[in-house]
Amino acid sequence: MTDSSASRLRLSDRLSSQRRDLLVGGGLLALAGLTFARLPRRSVVMVPGSIENLFPTRFESWRAGADSGFVLPPEDERKAAAVYDDQIALTYSNGNDTQIMLLIAYAREQSGMLMIHRPESCYPGAGFSITADRPASISLEAGKSVPGRFISAEKLPRIEQVLYWSRLGDEFVSSWDEERESLAKQNLRGFIPDGALIRVSLVSADEGRALETLREFVSALYRSTSPQGRSLLAGRLSYV
């Protein structure tokens, strides 16, 4: 190969390398632009203010009294719960020796931390064994229901029956995996969803009767709650 041919080959290699660099650089710039364009920019906020007074302390046969007997996350998780904007805990009684505990955790911008309050983690963390765990549809009113879960937790002599559901923006999620997937999809659509976990429970060894009582309580609470409270429980898109 002559010196002239070798020079032309080296020049050709440099030009090819420069073209590759330009193509790669252009692709990275395009990807960066797309990523920036897809960053979540709109918040899904059901409750802009405090949730403290959204739920009635008296409705139908139910009356709220002093908090008692709540199973809460272990101490290390309680510290992490500071990411919530609001939490409320109320114990309702119907005068017939039935007490139902209502716990709501709410975050206006959901980062995925809401999962720390899921009963599957906080009950075992408090020394309970989960003896039953299954999906449960929860009817709020005619034609409106949400997907939830029903679990039985046992720490003898106490047996607690728990019904709960999670809302993430305009979607309902029943597991950690569903929560992560829903959060990713809503972020890609440009939304920053809020998040709420609603838990009702009572002490009883009768799973069937307890589930029926909890469902009736939730439906009565929903009917008696303010429009904003119903939005927190079951969602209503509000982009700000």
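**Figure 1. A look at D97 and its loop.** Is D97 buried or exposed? In this predicted model, D97 is exposed, as its relative accessible area comes to 81%. You'll find D97 in the loop between β4 and β5. Its phi is positive, near 65 degrees, even though the residue isn't a glycine. E60 is another non-glycine residue with a positive phi, this one near 45 degrees. Look for E60 in the loop between β2 (58-59) and β3 (62-65).

**Figure 2. The whole chain, for orientation.** Six helices and 11 strands make up the secondary structure of the protein chain. The chain has 240 residues, and 41% of them are buried. Take the contacts between residues at least 6 apart in sequence: 71% of these link residues at least 24 apart. About 12,500 Å² of the chain is exposed, with carbon and sulfur atoms supplying 54% of that area.

**Figure 3. Helix α4 and what covers it.** Helix α4 runs over residues 176-188, so to speak a stretch of 13 residues, and spans 18 Å from first C-alpha to last, close to the 18 Å expected at 1.5 Å a residue. Its buried residues are E179, S182, L183 and Q186. Looking down the helix axis, these buried residues sit within an arc of 100 degrees, so they line one face of α4. That fits a general rule: an α-helix has 3.6 residues a turn, so residues three or four places apart point the same way. The cover over the buried residues of α4 includes β8 (158-168), β9 (171-173) and β10 (191-193). After the helix comes G190, with a positive phi near 95 degrees.

**Figure 4. The β6 and β7 hairpin.** Strands β6 (residues 129-141) and β7 (residues 144-155) run antiparallel and are joined by 11 bridges. One of the pairings puts S139 opposite S145, its bridge partner in β7. Two residues lie between the strands of this hairpin, where G143 has a positive phi near 80 degrees. Past the hairpin, in the loop between β7 and β8, sits P157. A cis peptide bond joins L156 to P157, with omega at about 10 degrees.

**Figure 5. Zooming in on G148.** G148 belongs to strand β7. With a relative accessibility of 5%, G148 counts as buried. Which residues does G148 touch, not counting those up to four places away in sequence? They are R134, P135, A136, I138, Y164 and W165. P135 is 13 residues away from G148 along the chain, yet their C-alpha atoms are separated by 5.9 Å.

**Figure 6. The largest nonpolar core.** This core holds 34 residues, and I104, F217 and L232 touch the most other members. Among the elements giving two or more residues to the core are β4 (86-93), β5 (99-107), β11 (195-203), α5 (207-224) and α6. The top contributor is α5, with eight residues. Setting aside neighbours within four places in sequence, I104 is in contact with residues including I51, F55, I88, L197, L232 and L233. Apart from this core lies another one, of six residues, including C122, F128, I151 and A153.

**Figure 7. Helix α6 and the glycine after it.** Helix α6 covers residues 227-234, and its buried residues include G229, S231, L232, L233 and A234. Next along the chain is G235, where phi is positive, near 90 degrees. L232 links this view to the previous one, being among the residues that touch the most other members of the largest nonpolar core.

Key:
Residues are numbered from 1 along each chain as its sequence is written. This is a predicted model: local features need pLDDT of at least 70, side-chain atom pairs count only at pLDDT 80 or more; totals for chains, interfaces and linings use all residues. Side-chain values use heavy atoms; hydrogens and water are left out. Buried means under 20% relative accessible area, exposed over 50%, partly exposed in between (1.4 Å probe, protein chains only). Helices (H or I, at least four residues) and strands (E, at least two) are DSSP runs, numbered from the N terminus. Contact means heavy atoms within 4.5 Å. Accessible areas come from the Shrake-Rupley method with a 1.4 Å probe; for residues, only the protein chains shown count as cover. The expected span of a helix is 1.5 Å times one less than its number of residues. The arc is that of the directions from the helix axis to the C-beta atoms. Two strands pair if DSSP finds at least two bridges between them. A nonpolar core is a set of buried Ala, Val, Leu, Ile, Met, Phe, Trp, Tyr and Cys residues joined through side-chain atoms within 4.5 Å.
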